Amino acid sequence: MKQDGFSSKLGFVLAAAGSAVGLGNIWRFPYLTAKYGGGIFLLTYVILVLTFGYALLISENAIGRMTGKSPIGAFRDLCAGKKSFLGSVRIGGWVNSVVPMIILPYYCVIGGWVTKYVVALAVNPVSNFHKDAVVNGQSASAAYFVDFISNPADSTIYFIAFVIITALVVACGVEKGIERFNKILMPMLVLLIIGICVYCMFLPNAEAGFKYYLKPDVSKFSYMTVVAAMGQLFFSLSIAMGIMITYGTYMREKDDLVSSVNHVELFDTGVSFLAGMMIIPAVVAFGGEKAAESAGPGLIFITMPQVFASFPGGSIFGVLFFILVLFAAATSAVSLMETNVHTISQELKISRKKAITCVLGEVFAIGVITVLGYSVLKNIKPLFFISKYQNMDILDTLDFISNSVLMPIGAIFTTVLVVAVIGLEKFSEHIKSDKPWYREYIYQLCMSIVVIPCLLVVLLNATGILN
Ligand code: TRP
């Protein structure tokens with residue numbers, strides 16, 4: 001049965017872009033770019049988005065539009081009646097559905113950090129975060145961040161606060177209301193980011209930072225650049241986790257899938273690019289390239305307050321910035337939670353209420369362990385048995401397993417589904433439905449010979465088998 005469709009193509013684009021734009025663009029993209037060499041990462045990322053990302057984004061939406069089912073059902077239907085290998089492709093639906101369950105708990109942990117920073121910048125004088133302020137030999141801003149995440153009570157409280165906000169929205173079923181807010185707040189966030197970018201251009205020494213961000217340095221390229229860029233692409237476009245299949249079900253046969261997907265791709269990548277432009281030159285200006293290369297998940301929490309401390313009235317902009325980021329994060333968390341609730345209630349055939357309870361239980365359990373991974377459980381390194389990853393903390397491990405391991409596997413299943421089960425020609429016809437499609441050639445090339453070998457290399461490398 002088809003669900004209620006979006007009232008217009010714009011409705012689809014806004015919903016898909018709303019779920020795509022979130023912490024992935026503002027928190028994750030800049031720190032990965034800084035860490036993996038700036039320009040070379042940016043270039044790798046853009047190339048991958050235009051080829052891989054595009055092919056998968058289109059495929060998932062078309063699978064949804066074709067079947068009108070959520071991922072597990074879509075894979076099951078399309079594989080029905082197929083024998084042996086092709087029949088087993090239906091497991092792909094499950095892989096796609098497990099990923100958001102792993103992501104949601106740590107997404108909420110970062111959401112908690114954002115919530116903390118709204119409060120932190122509202123109650124502390126912003127000068128406490130000035131780049132020249134030093135505490136115990138490190139910058140005051142970094143010291144503040146480390147103090148916060150290593151304080152078990154404080155960090156747990158903010159995590160819980162964020163989960164409660166998210167759960168309330170899902171439980172009351174008021175996503176529609178939230179989306180209306182989104183239409184005002186998202187453009188505001190983008191405008192604010194652009195404003196901050198312009199300001200950062202005039203920071204002393206910003207030039208070196210822009211060079212670091214925009215000029216690819218080939219000597220910094222490694223397998224890890226591709227592994228990280230690929231993981232980021234999955235995370236940021238919300239692909240390989242069933243979300244886009246679900247959104248595809250809302251599309252009507254006559255809606256132009258190709259141009260809608262182009263908009264989502266462009267918008268999401270644009271926001272990531274701007275977020276990088278806002279943060280990376282500032283990090284380099286304040287601490288040099290070394291500071292950029294040693295960046296981790298704390299980057300926006302350490303650098304942005306320093307930016308706000310560097311101009312008069314900065315604290316107002318700081319609070320506003322983190323409130324808007326909080327909104328972007330909350331809307332994504334709501335849609336992640338909604339997906340998990342939907343999968344669980346359908347597959348276990350339980351009521352929505354019970355499903356919400358299950359999801360919350362899971363989020364609390366894994367989320368609290370993740371939060372405590374920076375304090376009480378600091379010595380727990382889940383991947384200690386792989387030498388390359390022996391120092392990875394719990395949050396990074398969850399992030400790594402979902403983005404660099406499970407999502408490539410999910411994407412391989414989607415590709416096999418399209419190419420072998422449905423048939424690429426037939427699928428392409430369905431996608432374009434008589435309209436001209438100038439990237440069809442790239443699409444077919446990617447799906448038929450590029451995607452799977454590359455994903456396999458990424459996977460083998462990521463799991464430590466290659467190398
Ligand atoms: N793409 C979102 C971001 O950039 C994160 C995300 C991943 C997401 N999977 C999702 C959001 C599913 C909504 C639904 O932050």
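# Exercises on the ligand site and the pockets

The largest cavity holds about 140 Å³ of space; a cavity is a set of points, on a 1 Å grid over the protein atoms alone, where a 1.4 Å probe fits but cannot get out. The volume is the space filled by probe spheres set on the points, which are joined across faces, edges and corners. The model is predicted: local features need pLDDT of at least 70, side-chain atom pairs count only at pLDDT 80 or more, and totals for chains, interfaces and linings use all residues. Residues are numbered from 1 along each chain as its sequence is written, and side-chain values use heavy atoms, with hydrogens and water left out.

**Exercise 1.** Describe the lining of the largest cavity.

*Step 1.* Lining residues have an atom within 4 Å of a point. There are 15 of them, and S19, Y107, F235, S238 and L336 are the closest to the centre.

*Step 2.* Helices are DSSP runs of H or I with at least four residues, numbered from the N terminus. Helix 1, helix 2, helix 6 (91–123), helix 11 and helix 15 each give two or more residues to this lining. Helix 15 gives the most, with 3 residues.

*Step 3.* By class, the lining has 7 nonpolar, 8 polar and no charged residues. Here Ala, Val, Leu, Ile, Met, Phe, Trp, Tyr, Cys and Pro count as nonpolar, Asp, Glu, Lys and Arg as charged, and the others, Gly among them, as polar.

**Exercise 2.** Place the ligand and list its polar contacts (pairs of N or O atoms within 3.5 Å).

*Step 1.* The ligand sits in the largest cavity, that is, more than half of its atoms lie within 2 Å of the grid points.

*Step 2.* Helix 1 (9–20), helix 2 (23–35), helix 11 (223–237) and helix 15 (314–347) each give two or more residues to the shell around the ligand.

*Step 3.* Oxygen atoms of the ligand lie 3.0 Å from a backbone N or O atom of L23 and 3.2 Å from a side-chain N or O atom of N25. A ligand nitrogen atom is 2.9 Å from a polar backbone atom of F235.

*Step 4.* Taken alone, the ligand exposes 360 Å², and the protein buries 100% of that (Shrake-Rupley method, 1.4 Å probe).

**Exercise 3.** Describe the second largest pocket, an open set with protein on both sides within 12 Å along at least five of seven lines.

*Step 1.* Its volume is about 540 Å³.

*Step 2.* Of its 27 lining residues, Y31, K35, P297, M392 and D396 lie nearest the centre.

*Step 3.* The lining divides into 14 nonpolar, 6 polar and 7 charged residues.

How values were computed
Polar contact = N/O pair within 3.5 Å; in protein donor to acceptor, adjacent residues only side chain to side chain.
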